[in-house]
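Let's take a look at a protein together, with an eye on its charged side chains. Here are the sequence and the structure.

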Amino acid sequence: MAQAKPVLVPDVSQRNIEIAYSFTGAELLLFGAILYPGGRVPTERDADIVVVVRGPAHPILVREKQKIAGIWVNAARVRYLTAPSYYAIASSKPIDQLLDERSRAIYEIGLDSLQLSPTNTDSGGNDTRFARGLVDLRLRSRLYSQAPGAVEITDGVLYRARLAIPARVPVGRFTAETFLIRKGRVLAAAVREIDIRKSGFERFVARAAERHSFTYGLAAVALSIVLGWAAGWVARRV
């Protein structure tokens, strides 16, 4: 252990997840093994595992509503450049028992350690409050989650964890990161990629909107007009 570091061999139960009209969510199994130098497992099995599944990062504008003269209006706001669209973390122990605050920030391990990169702020210096509000909103929509104690380690070598993929998960390329932690240090890390994409008619509509946005917009307006006219005609007949 003093001369060489262990190696992680991770994998996921699904490398590709397709979203159809009947998609109600999925369960992702993350598993793998810890390979120690010389194939010998240390007698002191005090290593811990943390797995993080992260979705594509997108900019987002967070607004705060205030009631002024009896009317709710948008007041302060903060724009974040790199907010992950999905973030789920599972660990063998609570994160604050495994790493100090600095190490968590370096590896972005934990919801409190996300590097959101605020810019163009108009929040009166309350960026932390807005960041907590964003995390809380995505926790309630199940796009963010944390599960301390959800990683099971067997014989100090094999590990596994299960994370829920909600029905409202965004599409794109996800990463599944695994960290091996011992005595407050990250000894090893490994990454696997996961593709989440739409399938069937939903995929056709999404591609049309992305590749032919002008034509898609005209078709949507025309369809709305036709459906509105048809509904009015049926109402007059009835």
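Start with aspartate 48, which counts as buried because its relative accessibility is 7%, under the 20% cut-off. Keep in mind that you're looking at a predicted model. So what does aspartate 48 pair up with? Its side chain meets that of lysine 93 in a salt bridge, with N to O at 3.8 Å. The two partners come from distant parts of the chain, 45 residues apart: aspartate 48 belongs to strand E4 (residues 48–54), while lysine 93 is in the loop between strand E7 (87–91) and helix H1 (101–107). Unlike its buried partner, lysine 93 is partly exposed, at 38% relative accessible area.

Why would two side chains like these get together at all? Side chains of opposite charge can pair when their charged atoms come close.

**More salt bridges**

The count for this protein comes to 12 salt bridges. Here are some of the pairs side by side, with the distance given from N to O.

| Acidic partner | Basic partner | N to O distance |
|---|---|---|
| aspartate 48 | lysine 93 | 3.8 Å |
| glutamate 18 | arginine 197 | 3.6 Å |
| aspartate 136 | arginine 140 | 3.1 Å |

Now for the pair of glutamate 18 and arginine 197, joined by a salt bridge. Glutamate 18 lies in strand E2 (residues 16–19) and arginine 197 in strand E13 (residues 185–198), so this pair ties together parts that are 179 residues apart in sequence. Glutamate 18 is partly exposed, with a relative accessible area of 45%. Arginine 197 counts as partly exposed too, at 29%.

Next up are aspartate 136 and arginine 140, whose closest N and O atoms are 3.1 Å apart. How far apart do these two sit in helix H2? They're four residues apart in that helix (residues 127–140), so about one helical turn separates them. Aspartate 136 is partly exposed, with 36% relative accessible area, whereas arginine 140 is exposed at 62%.

Salt bridges can also be chained up here: Arg54, Glu108 and Glu177 are linked in a network of them.

**A positive patch**

Which residues form a positive patch on the surface? That would be Arg63, Lys65, Arg77 and Arg79. The elements giving two or more residues to this patch are strand E5 (57–68) and strand E6 (71–84). Take arginine 79 as an example: you'll find it in strand E6, and it's partly exposed, with a relative accessible area of 34%.

**Back to strand E13**

Strand E13 has turned up already, as the home of arginine 197. Leucine 187 lies in that strand as well. Is leucine 187 buried or exposed? It's buried, since its relative accessible area is 13%. Along the chain, leucine 187 and valine 7 are 180 residues apart, yet 8.4 Å separates their C-alpha atoms.

**The whole protein**

Time to zoom out. The secondary structure comes to four helices and 13 strands. Of the 238 residues, 34% count as buried. Among contacts with a separation of 6 or more, 71% are between residues 24 or more positions apart. As for the surface, the protein exposes about 14,600 Å², with carbon and sulfur atoms supplying 53% of that.

Technical notes
Residues numbered from 1 in each chain as written. Predicted model: local features only at pLDDT ≥ 70, side-chain atom pairs only at ≥ 80, totals over all residues. Heavy atoms only, no water. Buried < 20%, exposed > 50% of the residue type's maximum accessible area, 1.4 Å probe, protein only. Contact = heavy atoms within 4.5 Å. Areas by Shrake-Rupley, 256 points an atom, 1.4 Å probe, with all protein chains shown as cover. Salt bridge = Lys/Arg side-chain N within 4 Å of Asp/Glu carboxyl O. Patch = residues over 30% accessible without salt bridge, like charges linked within 9 Å, V, L, I, M, F, W, Y side chains within 5 Å. Lys, Arg positive; Asp, Glu negative; His and termini not counted. Charge placed at Lys NZ, Arg CZ, Asp CG, Glu CD.
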